[in-house]
Amino acid sequence: MGTSSFFEYPAPDEEQPPDELLFLSGQSEAHWRAIFAHAQPQRFRAGDVLIRRGEVERAIYIVIAGALEVVSVEGGASGARVIPVPTGSVIGEIGFFDARPRSATVRAVTDGEVRRLDHEGYEALARSDPALARTLLFELGRILAVRLRQTNEFIRGWLG
Amino acid sequence: MAARSPFPTYLQMRARVPLWAWAALRVVGLLATAALLVALFVAPEIGLLAFWGVLIPALPLLFFVAPGAWRNACPLATLNQTPRFLRFTRALTLPKWLREHGYLVAIALFFVIIPARKLLFDHDGTALAVLLLATLAAAFLGGVFVRGKAGWCSTMCPLLPVQRLYGQTPFVTVRNAHCRPCVGCVKNCYDFNPAVAYMADLYDPDPHRSGYRKLFAGAFPGLMVAFYTMEGSRDLPIAPTYLAFAGAMLLSVGSFYVLEVLFRVTANKITALYAVAALTLFYLFNVPLLNGRLGAPLPPVAIWAIEAGILALAAVWVVRTYRKERPFVEQAITPKPARVGSPDVVARASRGAHRA
């Protein structure tokens, strides 16, 4: 989050902050294979809706190929907001934790594939590889903590 | 089809004017600049009238309504981008300190040049021509050495603070016709996303970035009052003249910060008010002055109608500037997706897991 989402262009290297939103960055191919053994592959075509606003599901999605977009439609004059979800993105982590209705719709911009890890799949991973499951959970929690901190900082600056 | 964002970047905008038309306009701009410079040397009364009496009074309204049009056609920008167009720019990255504080250079230049109009540039065609030549040379050299528009247009040009303040909510959004491709030369680039660049500056976590913008917005109405209530003459003492300007601007800045303390509103709301205060003051003083130079002056009722029209335009602008703050904040606090560290590794693992 932050104002960088309005200016998606490369900045000089020294201005690039470390990316705090990297998920499981140190994991090997074997670790990812262990995770995906419990995550269903799901192909999509351009225009398909993967996540619908208001639906309740406890699952995260990892975009293996293709591109999606999050479409958030608020009431009033705001209009639709679109957040690109390129290959390599991880989405759905808030619903994975709190099991509340999805806050936005996610639809496909191109054809592609995701891996869907739901709660049952996570429990199965936790039984087969507890350390990896714990790492995954802590990583999701860390990302949510980073987002909360960034939101607090932005709102502090906005209110002055 | 992707849903439309309320704040499209220039890459997402449709180009209503073809590139060749902007190129033609730039050539016309350069020729007009050359003619102006000649006039300032050989027929200074005509040159001074053309510059201070026609161009400068028109610019604030242009910045207010369609600032992108000026950004695309400005002769300074044309010279700045010529080295890139002809592929002999060194395309260096501006030093970090200059990227961060270049705006202060622009503000300082503006606050030095405007009072100097009273002392020199309003009366002396040669002096104004030399100033313009120096500015054109600086813009050109900025393009020779620095990549993108960071060498002048988006950092140190003294018109930049005015453009960014007035141009933050354009009535007509004009697509950037210079940067192909974008090289990411500055932060919160106006040419990249005109509708939100100023707010992004105001809410930047760097207090200097937002502070410089507030400082200029706060001082600007004071500068207007000082300028138009002071008689100009070559005989004016320099230091007292600048002190008088400084005093007026400090009072204006002080009022800005008092409002910030008393009314717990966002910085965007107060800077917008000061922007329209400066604009309406400018035309309140300038419209009668321009009318006085016409061969057949307009009657007072026409002057009041023009002033009322500008006030109405300013009021609509304020409402539009206030209204866009909410969707801006909503998008700014919307989280970007997390990413895996190595998409290739993840893709191979997915194929392996699938086959298993």
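Here is a friendly exchange about a predicted model of two chains, A and B.

Colleague: Happy to look at this with you! Which helix of chain B gives the most to the largest nonpolar core?

Modeller: Start with the core itself, which has 70 residues. Those with the most contacts inside it are B:Leu76, B:Phe220 and B:Ala275. The top contributor, with 11 residues, is helix 11 (residues 267-293) of chain B.

Colleague: Nice. What does B:Leu76 touch, leaving out residues up to four places away in sequence?

Modeller: B:Leu76 is among the residues with the most contacts inside the 70-residue core. Contact here is a matter of C-beta atoms within 7 Å. By that cut-off, its partners are B:Thr135, B:Leu136, B:Ala139, B:Trp152, B:Cys153 and B:Cys157.

Colleague: How many residues are in the other core, which lies apart from the largest one?

Modeller: Its members include A:Ile35, A:Ile91 and A:Val114 from chain A, and also B:Ala349 from chain B. The count for this core is 35 residues.

Colleague: Let's turn to where the chains meet. Which element gives the largest share of the side of chain B that touches chain A?

Modeller: In total, 50 residues of chain B are in contact with 53 residues of chain A. On the chain B side, the elements that give two or more residues are helix 13 (325-333), strand 1 (338-340) and helix 14 (343-355). The largest share is 10 residues, and it comes from helix 14 of chain B.

Colleague: And how many residues on that side of chain B are nonpolar?

Modeller: We can sort the residues by class. There are 11 charged and 12 polar residues on the side of chain B that touches chain A. The nonpolar ones number 27.

Colleague: Why do the buried residues of helix 13 of chain B line one face of the helix?

Modeller: The buried residues in this helix are B:Pro327, B:Phe328, B:Gln331 and B:Ala332. Looking down the axis of helix 13 of chain B, they line one face because they fall within an arc of 135 degrees.

Colleague: Which strand of chain A pairs with strand 1 of chain B?

Modeller: Two residue pairs help to locate it. A:Ser89 stands opposite B:Arg339, and A:Val90 stands opposite B:Ala338. The pairing is antiparallel over two bridges, and the chain A partner is strand 7 (residues 89-91).

Colleague: Within chain A, how many bridges join strand 4 and strand 9?

Modeller: Strand 4 covers residues 59-65 and runs antiparallel to strand 9 of chain A. One of the bridge pairs is A:Val63 with A:Val114. The number of bridges between these strands is six.

Colleague: What stands opposite A:Phe44 in strand 9 of chain A?

Modeller: Strand 2 (residues 40-44) and strand 9 (residues 112-118) of chain A run antiparallel, joined by five bridges. The residue opposite A:Phe44 is A:Gly112.

Colleague: Last one! Which strands stand at the edges of the six-stranded sheet?

Modeller: The sheet is open with mixed pairing, and its order is 1(A)-1(B)-7(A)-4(A)-9(A)-2(A). Each edge strand has a single partner strand, so one side of each is left without a neighbour in the sheet. These edge strands are strand 1 (22-23) and strand 2 of chain A.

How values were computed. Residues are numbered from 1 along each chain as its sequence is written. Chains are lettered from A and ligands numbered from 1 in the order in which they are written. This is a predicted model: local features need pLDDT of at least 70, side-chain atom pairs count only at pLDDT 80 or more; totals for chains, interfaces and linings use all residues. A nonpolar core is a set of buried Ala, Val, Leu, Ile, Met, Phe, Trp, Tyr and Cys residues joined through C-beta atoms within 7 Å. A residue is buried if 20 or more other C-beta atoms lie within 10 Å of its own, exposed if 12 or fewer, and partly exposed in between; C-beta atoms are placed from the backbone. Helices (H or I, at least four residues) and strands (E, at least two) are DSSP runs, numbered from the N terminus. Two residues are in contact if their C-beta atoms, placed from the backbone, lie within 7 Å. Ala, Val, Leu, Ile, Met, Phe, Trp, Tyr, Cys and Pro count as nonpolar, Asp, Glu, Lys and Arg as charged, and the others, Gly among them, as polar. Two strands pair if DSSP finds at least two bridges between them. The arc is that of the directions from the helix axis to the C-beta atoms.
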